Structures are given as structure tokens and as C-alpha cells.
Amino acid sequence: GTINLITPAVRKEALKLVRDGVSVSLAHTVDKEQAPDSPRPLQQAMTLDNAGHAMDLYTIWYHGSVITHIDSLCHYSFQGKIYNGFDRSNIKEGVGCPQNGIENQKNGIMTRGILVDMPLMKKVPYLEPGTPVTVADLEAWEKFAGITIRSGDALFLRTGRWAQRAEKGPWNVAANSAGFHASVLPWLKKRDVALLGNDAVTDVQPSTVQGSPRPIHQVAIVAMGLPLIDVMDLEAVAKEAAQRKRWDFLLTAAAVPMPRLTNQAETE
């Protein structure tokens with residue numbers, strides 16, 4: 001997949017971006033309360049053993065709308081196939097994905113991260129739900145930020161979802177949120193973007209593409225081998241970037257190496 005675009009040369013170039021030594025998380029702090037965007041919240045139980053050690057037991061629905069996660073390449077399928085032509089029928093409930101599982105990313109991701117802060121450029125606190133981000137928007141952002149998106153980059157779109165949530169409360173972002181329009185897919189392929197994400201579900205919702213509610217997910221994952229990071233929290237990095245007038249940075253991400261899973265990640 002596109003993670004292979006992150007070559008040793010790309011990593012070494014990304015390391016040159018470190019100037020201030022400031023570390024910023026791109027992950028949302030997990031919400032444990034049920035809400036319109038979290039119908040199945042994290043379940044956690046604290047346990048104590050006879051020696052007095054405190055431990056935790058979790059039940060996590062990663063593909064919800066409040067937990068930051070990276071989609072592996074077995075997450076979506078098309079016409080019975082997943083990425084690289086493997087049969088979707090090989091995926092079994094309770095067993096997992098024999099191909100394209102998240103464990104293939106266990107060596108970690110280190111590359112140049114690019115923040116696309118659309119609300120900043122458009123001078124609004126957040127994009128209204130349902131707002132599509134197009135190729136014209138991405139190219140306008142390149143001019144605004146003085147950046148050229150290139151091979152091996154991780155491209156992250158801030159829509160201001162968390163700013164809107166803080167102001168107005170939670171809503172069902174899985175059905176109604178700003179995000180990438182499907183028309184950006186050929187452009188992403190041309191630029192050889194290695195990783196894609198945003199602060200909601202990455203696809204604009206509704207998608208406006210008849211018969212495909214999540215075309216970005218479907219085409220990026222199945223056809224391009226492009227992993228997605230959904231539900232990022234880009235508020236802190238947006239503030240740091242705006243202060244420095246610099247929207248590129250060293251990105252590091254680490255997947256928990258559990259075999260046959262459809263997602264998992266930590267990012268900063």
C-alpha cells in the first residue's frame with residue numbers, strides 16, 4: 001500500500017522538520033459517556049489482583065466517531081475483494097483479517113505531516129457539517145500555507161469538528177460532517193499521498209455520491225492501499241501551527257501489533 005511511499009529518504013527529510021522540539025498529540029482523548037456521536041462508548045473496568053496491582057479491562061468500538069484510529073487495508077471491500085485482490089470471504093468474525101491486518105504497520109509510521117486547516121483559511125470557526133473539501137480547496141491551501149503536498153506525505157484535514165462540538169454539543173457526525181469529497185481521489189493518487197485523515201470520518205457526509213456513502217474509504221483503502229486516520233483531534237496542532245505559520249511537521253504513529261485487526265493507532 002501507500003505506506004511504502006514512506007521511504008528511508010522520506011523519513012530522513014521529515015526529521016529535518018524538527019526545530020522547536022514541541023510534541024503535540026493528534027489523538028482525541030477518549031470519551032466514556034454515551035452521546036449522539038458515541039452510541040457505543042468505551043467500557044472500562046478497573047481490576048485489582050491479590051498483590052494490589054491495578055489493571056484495566058477494555059471493550060472498545062474503534063470505528064465509532066470519538067476514538068482516533070487508523071483503518072487497516074482490510075477494513076473495506078468492493079465486489080467481494082479487499083486490497084490486492086484478496087477475497088473478503090477470508091475475513092471471519094472472531095478470527096479477523098488473514099491479509100492486510102493492522103499488524104503490517106507495527107514498525108510505525110514516520111513521515112512529513114501536513115495540516116490542512118480549512119476553517120483558518122476560510123476565516124470561520126469551523127466548517128458546517130456537510131461541507132465538501134475539493135481539489136480547489138487543497139490547492140488554495142498549498143498557496144496559503146506555502147506548501148507543496150508531495151509523495152510520502154500524511155495529509156490531515158481540520159474541519160473544526162471538535163470546536164463545533166465544544167460550542168454546540170455532540171451530533172451524529174457519521175451522518176452529517178464536513179470532509180473530503182470523492183473528487184479529490186485522483187489528485188491524492190497523483191500526489192502520492194501516503195496517509196490521509198481528518199477530525200471526523202474523512203468522507204464528507206452525506207457523500208453526495210449515489211450508491212456510495214463512503215467513497216473516500218472505499219476507493220482509498222480498496223483500490224489505492226491508502227490507510228485512513230479517522231476522528232483525529234487537530235485543535236492543538238492547529239494552534240501550534242498558526243502561531244508558527246508552519247503547517248508541516250514530523251509525524252510519528254504507532255499501531256499496536258495485534259494480528260488481523262481492522263484498525264488501531266496512536267499519533268503525534
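## Strand β6 and its parallel neighbours

In this predicted model, strands β4 and β6 run parallel and are joined by five bridges. Within that pairing, D117 stands opposite R158 of β6. Strand β6 also runs parallel to β8, to which four bridges join it, and here A154 is the residue that stands opposite L195 in β8.

How much of β6 is covered? Five of the five residues in this strand, which spans residues 154-158, are buried, and the burial extends to both of its faces. On one side lie A154, F156 and R158, and on the other lie L155 and L157, all of them buried. R158 therefore counts as having a relative accessible area under 20%, the cut-off for a buried residue, and R158 is also the residue of β6 that D117 stands opposite.

## Helix α6 and what it packs against

Helix α6, made up of residues 215-224, is mostly covered, with seven of its 10 residues buried. The buried positions are P215, I216, H217, A220, I221, V222 and M224. In an α-helix there are 3.6 residues a turn, so residues three or four places apart point the same way.

Which elements do the buried residues of α6 pack against? They pack against four strands and a helix, namely β3 (69-71), β7 (179-180), β8 (195-198) and β9 (228-230), together with α5 (185-191). Strand β8 is thus a packing partner of α6 and also a parallel partner of β6. The helix is followed by G225, a residue whose phi is positive, near 65 degrees.

## H181 and the cis peptide bond at P206

H181 is found in the loop between β7 and α5, two elements against which the buried residues of α6 pack. Is H181 buried or exposed? With a relative accessibility of 19%, H181 counts as buried, a value that lies just inside the cut-off of under 20%. Leaving aside residues up to four places away in sequence, H181 touches P132, V133, V204, S207, T208 and I216; of these, I216 is one of the buried residues of α6. H181 and H63 are 118 residues apart along the chain, and their C-alpha atoms are separated by 20 Å.

A cis peptide bond joins Q205 and P206, with omega at about -5 degrees. P206 lies in the loop between β8 and α6, and S207, which follows P206 in the numbering, is among the residues that H181 touches.

## The β1–β2 hairpin

Strand β1, residues 43-48, and strand β2, residues 54-59, pair in the antiparallel sense over six bridges, and A45 has L57 in β2 as its bridge partner. The two strands form a hairpin with five residues between them, and in the turn G52 has a positive phi of about 90 degrees.

## Positive phi outside glycine

Which residue in the loop between β3 and β4 has a positive phi? It is Q79, whose phi is about 50 degrees although Q79 is not a glycine; its place is in the loop that runs between β3 and β4 (109-117). Q79 is exposed, with a relative accessible area of 68%.

K123 is likewise a residue other than glycine with a positive phi, in this case near 60 degrees. K123 has its place in the loop between α2 (118-122) and β5 (132-133), and with a relative accessible area of 76% K123 is exposed.

## The protein as a whole

The secondary structure of the protein comes to seven helices and 11 strands. Its radius of gyration is 18 Å, which agrees with the value near 18 Å that a compact globule of 268 residues would have. Taken along the principal axes, the C-alpha atoms fill a box of roughly 60 × 45 × 40 Å.

Of the 268 residues, 48% are buried, and among contacts with a separation of 6 or more, 75% are made by residues 24 or more positions apart. The accessible surface comes to about 13,000 Å², with 53% of that area belonging to carbon and sulfur atoms. The protein carries 28 positive and 28 negative charges, and the mean positions of these two groups are 6 Å apart.

Conventions:
Residues numbered from 1 in each chain as written. Predicted model: local features only at pLDDT ≥ 70, side-chain atom pairs only at ≥ 80, totals over all residues. Heavy atoms only, no water. Rg over C-alpha atoms; globule rule 2.2 N^0.38 Å. Buried < 20%, exposed > 50% of the residue type's maximum accessible area, 1.4 Å probe, protein only. Contact = heavy atoms within 4.5 Å. Areas by Shrake-Rupley, 256 points an atom, 1.4 Å probe, with all protein chains shown as cover. Lys, Arg positive; Asp, Glu negative; His and termini not counted. Charge placed at Lys NZ, Arg CZ, Asp CG, Glu CD. Pairing = 2+ DSSP bridges.
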